[in-house]
Amino acid sequence: MSITTTKKFEQFQSRPLRDCLLKDVPGVGEVAENKLKDANIDDACKIVGHFRFLRYQGQWFTSSAAVLLGRDTDKMTQWLEDVCEIRKQEGKKIAEALAEKAEKIVQM
């Protein structure tokens, strides 16, 4: 049974991050999951953390409010293409889902 991308996105956004598996991230299928695991990203928390790291790499922030500054989905999409060899279309879905999830985490 296949789940639609929209349904998967809604489920990922509505569940606590600690309850999400890597394959629950929109855009992550079996192939992408294996490629991410090869890059030492083996759960949803790690990929969200990596997204936040890429966003602020080289900058120093002293407050959690820094997470609200911009969404660099382009950097994440590029990293997914370059390092994990994930197609741009899937990379973009992943990055957009992570950006929204990161914003929700900050609002809690």
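## Questions on a helical protein

Student: Which pattern does the protein follow, read along the sequence?
Tutor: This is a predicted model. Read along the sequence, the pattern of the protein is α-α-α-α-α.

Student: How many helices and how many strands make up the secondary structure?
Tutor: Start from the pattern, where each element is written α. The count agrees: five helices and zero strands.

Student: What share of the residues in the protein is buried?
Tutor: Buried means under 20% relative accessible area. The protein has 108 residues, and the buried share of them is 38%.

Student: How much of the accessible surface belongs to carbon and sulfur atoms?
Tutor: The accessible surface of the protein comes to about 6,800 Å². The share that belongs to carbon and sulfur atoms is 50%.

Student: What part of the contacts with a separation of 6 or more joins residues 24 or more positions apart?
Tutor: Take the contacts in the protein with a separation of 6 or more. Residues 24 or more positions apart account for 52%.

Student: Which residues touch the most other members of the largest nonpolar core?
Tutor: Nonpolar side chains tend to be buried together in soluble globular proteins. Here the largest nonpolar core has 24 residues. Those that touch the most other members are Leu36, Ile47 and Leu98.

Student: Which element gives the largest share of this core?
Tutor: The elements that give two or more residues are H2, helix H3 (44-56), helix H4 (73-82) and helix H5 (88-107). The largest share is six residues, and it comes from H5.

Student: Which residues does Leu98 touch, not counting residues up to four places away in sequence?
Tutor: Leu98 is one of the residues that touch the most other core members. Set aside residues up to four places away in sequence. Leu98 then touches Phe12, Val25, Ile47, Val48, Phe51 and Met76.

Student: Is Gln13 buried or exposed?
Tutor: Gln13 lies in helix H1, residues 5-14. Its relative accessibility is 7%. The cut-off for a buried residue is under 20%, so Gln13 counts as buried.

Student: Which residues are in contact with Gln13, leaving aside its neighbours within four places in sequence?
Tutor: One of them is Glu100, which is found in helix H5. Glu100 counts as partly exposed, at 28% relative accessibility. The full list for Gln13 is Ala97, Glu100, Lys101 and Lys104.

Student: What separates the C-alpha atoms of Glu100 and Phe9?
Tutor: Along the chain, Glu100 and Phe9 are 91 residues apart. The separation of their C-alpha atoms is 9.9 Å.

Student: Why do the buried residues of H4 lie on the same side of that helix?
Tutor: The buried residues of H4 are Thr73, Met76, Thr77, Trp79 and Leu80. On the other side of H4, Asp74 and Asp82 are exposed. The buried residues share a side because they cover an arc around the axis of only 160°.

Student: How many residues apart are Glu33 and Lys37 in helix H2?
Tutor: Glu33 and Lys37 form a salt bridge, with the closest N and O atoms 3.5 Å apart. Glu33 is buried at 15% relative accessible area, while Lys37 is partly exposed at 39%. Both lie in helix H2 (residues 30-38), separated by about one helical turn. Their spacing is four residues.

Student: Which residue forms a salt bridge with Arg87?
Tutor: Arg87 counts as exposed, at 57% relative accessibility. The closest N and O atoms of the pair are 2.6 Å apart. The partner counts as buried, at 17%. That partner is Glu90.

Student: What is the N to O distance between the side chains of Asp42 and Lys46?
Tutor: Side chains of opposite charge can pair when their charged atoms come close. Asp42 counts as partly exposed at 43% relative accessibility, and Lys46 as partly exposed at 40%. They meet in a salt bridge, with an N to O distance of 3.0 Å.

Student: How far from Cys45 is the nearest cysteine sulfur?
Tutor: The structure holds zero disulfides. A disulfide needs two cysteine sulfur atoms within 2.5 Å. Cys45 is in no disulfide, and the nearest cysteine sulfur is that of Cys20, at 7.9 Å.

Key: Residues numbered from 1 in each chain as written. Predicted model: local features only at pLDDT ≥ 70, side-chain atom pairs only at ≥ 80, totals over all residues. Heavy atoms only, no water. Buried < 20%, exposed > 50% of the residue type's maximum accessible area, 1.4 Å probe, protein only. Contact = heavy atoms within 4.5 Å. Areas by Shrake-Rupley, 256 points an atom, 1.4 Å probe, with all protein chains shown as cover. Salt bridge = Lys/Arg side-chain N within 4 Å of Asp/Glu carboxyl O. Core = buried A, V, L, I, M, F, W, Y, C linked by side-chain atoms within 4.5 Å. Arc of directions from axis to C-beta.
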